[in-house]
Amino acid sequence: MIAEIISVGTELLMGQVLNTDAQYMARELAPAGVNVYHQVTVGDNPERLKDTLKTALGRADVVILSGGLGPTGDDLTKLVVADLLGLPMVRSPEAEQELYLRFSSFRNREMTPNNLRQADFPQGSTLLPNPNGTAQGCFVEQNGKTIVLLPGPPRELFPMFHDYVMPHLLKRAGHRLYTREIRIFGMGESSVEHAIRDLIEKQDNPTIAPYAKTGEVTLRVTARCQEEKEGELLVAPVVEEIESRLGDVVYSTNGESMPELLSRLMIEKNATLAVAESCTGGLLSSTFIDVPGSSTYFLEGMVVYSDSAKIRRLNVSNTILRQNGAVSAECAKEMAAGMCRTSGADYALATTGIAGPGGAKANKPVGLVYVALAGGDKVLVKKLNLTGDRKRVREMATLNALDMLRRLLMDLPQAE
C-alpha cells in the first residue's frame, strides 16, 4: 500500500510552525508496511492544493491531508477535496450537535456562525471523532482510493490518527501491528545502532526503528501479525537480544518513561523523595510531579538559586561556598544531604551548575553541572560536562539525576 502525506498551511511553508504531523504519521506508517514515497507541503491556496491532491491520487492508494479543517476563510481542505471528486458538501447533524455541545462547555466563548463550517463534509464521508478539538476528521473513498482529512494541531491529529486511521489502514492491509519500545539512557544513537547493526541489516519481520530525543534513544520493535500473541512471539526474542547487548543503559522494554519507572519503583519500595534544585530551576521536580500518583512518594521540591538560599534553607556551609563555590561537588553533596535531613525523605536529589549562556569562569565552563543523591548514610555525586544551550543543559542535568536514582533503586552501578 502506498500513502502520500499532504500538509496544508501557509504557516508551515513560512517556517512559522514545525511540521510534526508529517513526521509522526510517517513514523507510524512505516512499520505497518505502508510505504510513504512523497510528502508535500502546500499553502492555503485552493488551486495549488487541488493540483497537489490530483497528483497524489495518481500515484498513491491513500492520501492523508492534515490542516485546513477549521472555521476560518482559509480553511479550504474539505471544499477542495469535494470539488476535485465532484461531491457536494453536506452538513452532518451529528457533527453540528457535537459543536453545540462542545461550545456550551466552554466558559466565556461564543460559537460564531462560521464554526458551523466544521460540520460540513464531502457527501459520503465517514466522520472521525475529535475529543480534543472542534474539527472532526473524515475518510472519503472513491474509485479504490482513500482520502483522509485530519485537523492540523498535533494534540488533535495524533490521537485521531492512532485511534481511527491506523486501524482502518491495517484492516485494509490485512494485518495488525504489535510493538514494544525499548528506552535507553546513557548511550548515544550512533553507538546503539552500531551495537545492533547486524539485527537492523537483516530485519524483516519484526522491524527495528531507532529514533532519538534529548538525551535518550528509543528502539521501536514492531511485528506484522494476525493476532497479539503471534506478535509477542515474534518481538520478544529480538527485544531480549537487544537488551542483552546494551546492558543496563536499557531502562525500559515496554515503553515506560524514566519518570514513570521511578514513580513505580518508589511506590513499590514505599520510599519518599525530596528535591533541591539550582540550575534546573524546578524542572526536576516537575518531571516527577507530571506523573499521576507522585503525591504518594514526592514530599517537596525547593529551588535554591542563590547562595544565601542554599545556606538558609539547606544549611550549606558558608565555608564550602567560599572555598569551592556553589558549582562544586561539595556544595551538591550538602544540598542533597540538607534536603534529605530537613524534609525527612528517604532520598533527596540536588542539582547545581552553570546552564549558561553567562556565568562561566576559567575553571567552570558553561555546562558544568553536579548532581547529588542522598539516601541512608551516604551521598553520591556525579560531575557532568554538558553541551548545548541553556534548555538542553537543564534537560540533561535532569535526566542524569533521574538515572542516578534509577540505578540506586535497582541496585545497579552508577554510570561514569
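Let's start with one residue and its company: setting aside neighbours within four places in sequence, F139 is in contact with S125, T126, L128, T146, I147, V148, Y164, V165 and H168. Please keep in mind that this is a predicted model. From F139 we will move on to a sheet, two pockets and a few backbone features.

**F139 and its surroundings**

- You can find F139 in strand β7, which covers residues 137-142.
- Is F139 buried or exposed? F139 has a relative accessible area of 6%, and because buried means under 20%, this residue counts as buried.
- F139 and G124 are 15 residues apart in sequence, and their C-alpha atoms are 8.8 Å apart in space.

**A five-stranded sheet**

- Five strands make up an open sheet in the order β14-β13-β15-β16-β17, and their pairing is mixed.
- At the edges sit β14 (298-303) and β17 (378-385), each of which pairs on one side only.
- On average, neighbouring strands of this sheet are turned by 10 degrees against each other, with direction ignored.
- As a general reminder, strands of a sheet pair through backbone hydrogen bonds, either parallel or antiparallel.
- How do β16 and β17 run, parallel or antiparallel? Strand β16 (residues 368-375) and β17 run antiparallel, and eight bridges join them.
- To see one bridge for yourself, look at A374, whose bridge partner in β17 is V379.

**The largest pocket**

- The largest pocket holds about 450 Å³ of space.
- It is lined by 16 residues, and the closest to its centre are E28, H162, M166, L177 and T179.
- Two or more lining residues come from each of α2 (20-29), α6 (154-173), β9 (176-185) and β11 (216-225).
- Which element gives the most to the lining of the largest pocket? That is β9, with five residues.
- Sorted by class, the lining of the largest pocket has seven nonpolar, three polar and six charged residues.

**The second largest pocket**

- The volume of the second largest pocket is about 360 Å³.
- Its lining is made of 26 residues, and E11, G67, G68, G152 and P153 are the closest to its centre.
- The elements α1 (10-13), α2 and α6 give two or more residues each to the lining of the second largest pocket.
- By class, the lining of the second largest pocket divides into ten nonpolar, ten polar and six charged residues.

**Cis peptide bonds**

- N205 and P206 are joined by a cis peptide bond, with omega at about 15 degrees.
- P206 sits in the loop between α8 (197-201) and β10 (207-213).
- Another cis peptide bond joins G356 and P357, where omega is about 0 degrees.
- Where is P357? Look in the loop between β15 (347-353) and β16.

**Positive phi values**

- N270 is not a glycine, yet its phi is positive, near 55 degrees.
- The loop between α10 (258-268) and β13 (273-277) is the place to look for N270.
- N270 has 69% relative accessibility, so it counts as exposed.
- D411 also has a positive phi, of about 55 degrees, although it is not a glycine.
- You will meet D411 in the segment after α15 (390-409).
- Why does D411 count as exposed? Its relative accessibility is 71%, and exposed means over 50%.

How values were computed. Residues are numbered from 1 along each chain as its sequence is written. This is a predicted model: local features need pLDDT of at least 70, side-chain atom pairs count only at pLDDT 80 or more; totals for chains, interfaces and linings use all residues. Side-chain values use heavy atoms; hydrogens and water are left out. Helices (H or I, at least four residues) and strands (E, at least two) are DSSP runs, numbered from the N terminus. Buried means under 20% relative accessible area, exposed over 50%, partly exposed in between (1.4 Å probe, protein chains only). Contact means heavy atoms within 4.5 Å. Two strands pair if DSSP finds at least two bridges between them. Axes are lines fitted to C-alpha atoms, for helices over the stretch in contact, and angles run from 0 to 180 degrees between N-to-C directions. On a 1 Å grid over the protein atoms alone, a cavity is a set of points where a 1.4 Å probe fits but cannot get out, and a pocket is an open set with protein on both sides within 12 Å along at least five of seven lines; lining residues have an atom within 4 Å of a point. Grid points are joined across faces, edges and corners, and a volume is the space filled by probe spheres set on the points. Ala, Val, Leu, Ile, Met, Phe, Trp, Tyr, Cys and Pro count as nonpolar, Asp, Glu, Lys and Arg as charged, and the others, Gly among them, as polar.
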